[in-house]
Amino acid sequence: DTCHYLENRWGEGKSEPGTIVVPLMFHSVAQPGRVIKDNTTISMDYFEYFMATAKELGYETITTEEMVGFLTENKAIPRHSMLMILDDRKPGTAALFLPYLEANDWTLTLAYPSGNYVSQSEWDQVEALYDTGRFDIQSHGFNHAYLQDFTPLSVVEEEIYGPIEAIRTHFGSEVTAMIWPGGNFTDVS
């Protein structure tokens with residue numbers, strides 16, 4: 001209602017009017033010398049330029065939980081916020097972010113498929129990253145299925161509910177967001 005809306009907008013501990021969030025998704029960062037052959041990879045030079053520019057412009061990162069609080073209750077976040085997301089299972093790429101996260105007191109959300117094919121050594125790598133306090137782990141499906149109108153309900157349910165226990169088990173945290181593989185939504189999902 002209007003009163004609740006105005007209370008959220010102007011209340012104590014709320015974000016000030018004009019607060020923005022820039023959501024950014026990274027997929028791959030190419031090591032120097034690697035030829036980029038797709039439209040989901042950025043060069044190391046561009047990655048470094050991006051990180052420096054974001055800092056120079058005064059951006060601060062927020063976690064998925066902070067984003068949800070901002071969207072639902074206008075909870076206080078930095079005036080110039082960004083939600084950085086790394087898509088898919090890439091512990092090595094996530095490690096490239098760590099020096100920037102530590103130097104700037106930033107976080108990175110890992111959109112992480114958590115199906116049975118993830119090896120224990122990979123879980124160990126991601127758990128070590130999580131233990132730094134710089135990574136927010138969120139669902140990217142269970143088996144990274146691209147949902148279509150013909151996708152069986154059992155697959156949709158597995159993609160939604162399968163990651164909950166895996167993330168709870170490996171990180172002791174709850175899933176706040178589902179970052180859909182391919183961005184596909186259906187009437188069922």
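**Figure 1. Overview of the predicted model and its long-range contacts.** In this predicted model, 68% of the contacts between residues at least 6 apart in sequence join residues that are at least 24 apart. The protein contains six helices and seven strands, and these elements follow one another along the sequence in the pattern α-β-β-β-α-β-α-β-α-β-α-β-α. The radius of gyration is 18 Å, close to the 16 Å that the globule rule gives for 189 residues, so the protein is as compact as a globular protein of that length. Taken along the principal axes, the box filled by the C-alpha atoms is roughly 45 × 45 × 30 Å, and buried residues account for 41% of the 189 residues.

**Figure 2. Aromatic rings of Phe26 and Phe97.** The protein has nine aromatic pairs, counting rings whose centres lie within 6.5 Å. In the pair formed by Phe26 and Phe97, the ring centres are 5.1 Å apart and the planes meet at 75°, and because planes over 60 degrees apart count as edge-to-face, this pair is given that name. Phe26 belongs to strand β1 (residues 20-26) and Phe97 to helix α4 (residues 91-104), so the pair ties together parts of the protein that are 71 residues apart in sequence. Phe26 is buried, with a relative accessible area of 8%, and Phe97 also counts as buried, at 0% relative accessibility. Ring pairs join these two residues with Phe47, Phe50 and Tyr100 into a cluster.

**Figure 3. Aromatic rings of Tyr112 and Trp123.** Here the ring centres lie 5.7 Å apart and the planes of Tyr112 and Trp123 stand at 50°, so the pair is tilted. Tyr112 is in strand β6 (residues 108-112) and Trp123 is in helix α5, with their positions 11 residues apart in the sequence, and the pair links distant parts of the chain. Both Tyr112 and Trp123 are buried.

**Figure 4. The buried face of helix α5.** The buried residues of α5 are Glu122, Trp123, Val126 and Leu129. Seen down the axis of α5, these residues fall within an arc of 120°, so they line one face of the helix. The elements that cover the buried residues of α5 include α4, β6, β7 and α6.

**Figure 5. Helix α6 and its kink.** Helix α6 (residues 153-171) is built from 19 residues and reaches 27 Å from its first C-alpha to its last, which is close to the 27 Å expected at 1.5 Å a residue. A kink of about 30° lies at Glu159, shortly before the proline Pro163. Both Glu159 and Pro163 are buried in α6, as are Val156, Ala166, Ile167 and Phe171, and the buried residues of this helix pack against α5 (120-130) and β7 (135-139).

**Figure 6. The end of helix α6 and the residues that follow.** Helix α6 is followed by Gly172, whose phi is positive, near 65°, and Ser173 lies in the segment after the helix. Is Ser173 buried or exposed? Its relative accessibility is 15%, and because buried means under 20%, Ser173 counts as buried. Leaving aside residues up to four places away in sequence, Ser173 touches Tyr130, Ile167 and Arg168. Of these contacts, Ile167 is one of the buried residues of α6.

Note on methods: Residues are numbered from 1 along each chain as its sequence is written. This is a predicted model: local features need pLDDT of at least 70, side-chain atom pairs count only at pLDDT 80 or more; totals for chains, interfaces and linings use all residues. Side-chain values use heavy atoms; hydrogens and water are left out. Helices (H or I, at least four residues) and strands (E, at least two) are DSSP runs, numbered from the N terminus. The expected span of a helix is 1.5 Å times one less than its number of residues. The bend at a residue is the angle between axes fitted to the seven residues ending there and the seven starting there. Buried means under 20% relative accessible area, exposed over 50%, partly exposed in between (1.4 Å probe, protein chains only). Contact means heavy atoms within 4.5 Å. Rings of Phe, Tyr and Trp (its six-membered ring) pair if their centres lie within 6.5 Å; planes under 30 degrees apart count as stacked, over 60 as edge-to-face and the rest as tilted. The arc is that of the directions from the helix axis to the C-beta atoms. The radius of gyration is taken over C-alpha atoms; the globule rule is 2.2 Å times the number of residues to the power 0.38.
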